[in-house]
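Here's a quick walk through a model, starting at one residue and working outwards to the sheets and helices. Have the coordinates open as you read.

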Amino acid sequence: FAFSGQIGDITDVYFENNSYNIAKISDIRPCADSAKVRHILVNKDNAYELIDSLKKLVENGADFAALAREYSVDSVSAVNGGIIDWFKEGQMVKSFQDSSFFGEVGKLYIAPSNYGLHLIQILAQGPKSKRVQVQVFSKAVSYSQNTRSKVYQNAVKFVSENRTKEQFDAAVEA
């Protein structure tokens, strides 16, 4: 369904794991399997203002590497001008990874994470493949108290009427 459909396609209602479900394709786009980026990480009280200012400076020709060395709190990449060499899926926090894999080479992106705000510039990307986002609405089936009581009563009656193995086997076969 997901890889053969179009955005907006919806499945029929289906029953799985004690729930009624329906799925919808909400997005389809190419995604890289790896990326090489450079970034500046800030985590100060004025992080949004600072990262926005740094983005404007880079857009106006400022040296990204020099800004990374001066402002980034990521001491590992800052000494290299903010460069993070090739990484694959699962090696970075989701917002950083998504910006790096779904974005365009050369463009600047701002990505929040639990470490602070990242200004990311994508330097290169690995091969892209089709990624499909599917939303699933699920409604669990739950039994009413009345149904539970009837099932319990029937089970108690069955046990009381079939006390031996022979009676049980004969009742099950019937």
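K130 is partly exposed, because its relative accessible area is 38%; the cut-offs are under 20% for buried, over 50% for exposed and partly exposed in between, using a 1.4 Å probe and protein chains only. Before going further: this is a predicted model, in which local features need pLDDT of at least 70, side-chain atom pairs count only at pLDDT 80 or more, and totals for chains, interfaces and linings use all residues. Residues are numbered from 1 along each chain as its sequence is written, and side-chain values use heavy atoms, with hydrogens and water left out.

**Around K130**

K130 belongs to strand β7. Helices (H or I, at least four residues) and strands (E, at least two) are DSSP runs, numbered from the N terminus. Leaving out residues up to four places away in sequence, K130 touches F3, I28 and R29, where contact means heavy atoms within 4.5 Å. A polar atom of the K130 side chain sits 2.8 Å from the backbone oxygen of F3. From K130 to A32 you go 98 residues in sequence, but 9.0 Å in space, C-alpha to C-alpha.

**The three-stranded sheet**

What is the strand order of the open sheet of three strands? The order is β1-β2-β7, with antiparallel pairing; two strands pair if DSSP finds at least two bridges between them. At the edges are β1 (14-16) and β7 (128-140), each pairing on one side only. On average, neighbouring strands here are turned by 50° against each other, direction ignored. Axes are lines fitted to C-alpha atoms, for helices over the stretch in contact, and angles run from 0 to 180 degrees between N-to-C directions.

Strand β2 (residues 19-32) is joined to β7 by 13 bridges, and to β1 by three. In the β1 and β2 hairpin, two residues lie between the strands, and N17 takes a positive phi near 50°. Helix α4 (residues 94-102) lies across β2 and β7, at about 55° to β2.

Some bridge partners to click on, with one from the other sheet thrown in:

| Residue | Partner | Partner's strand |
|---|---|---|
| Y20 | K139 | β7 |
| K24 | Q135 | β7 |
| E16 | S19 | β2 |
| V42 | L117 | β6 |

**S138 and N21**

S138 is in strand β7 and N21 is in β2. Is N21 buried or exposed? N21 is buried, with a relative accessible area of 6%, while S138 counts as partly exposed at 41%. Their side chains make a polar contact at 2.7 Å. For that term, the pair is of N or O atoms within 3.5 Å; within protein, one must be able to donate a hydrogen and the other to accept it, and residues adjacent in sequence count only if both atoms are side-chain atoms.

The N21 side chain also reaches the backbone oxygen of S19 at 3.1 Å. Beyond four places in sequence, the contacts of N21 include D12, Y14, V136 and F137. With the same kind of neighbours set aside, S138 is in contact with S19, Y20 and N21.

**The four-stranded sheet and its helices**

An open sheet of four strands runs β4-β3-β6-β5, again with antiparallel pairing. Its edge strands are β4 (83-88) and β5, each pairing on one side only, and its neighbouring strands are turned by 40° against each other on average, direction ignored. Eight bridges pair β3 with β6. Helix α1 lies across β3, β5 and β6, running at about 30° to β6. Helix α4 packs on this sheet too, touching β3, β4, β5 and β6, and its direction makes about 30° with that of β6.

Helix α1 (residues 47-59) has 13 residues, so at 1.5 Å a residue it should span 18 Å, and its end C-alpha atoms are indeed 18 Å apart; the expected span is 1.5 Å times one less than the number of residues. Which residues of α1 are buried? They are A47, L50, I51, L54 and V58. Seen down the axis, these fall within an arc of 95°, so they line one face of the helix; the arc is that of the directions from the helix axis to the C-beta atoms. The buried residues of α1 pack against β3 (34-42), α2 (64-71), β5 (108-113) and β6 (116-125). Exposed Y48 and E49 are on the face turned away from that buried side. Just after α1, G61 takes a positive phi of about 100°.
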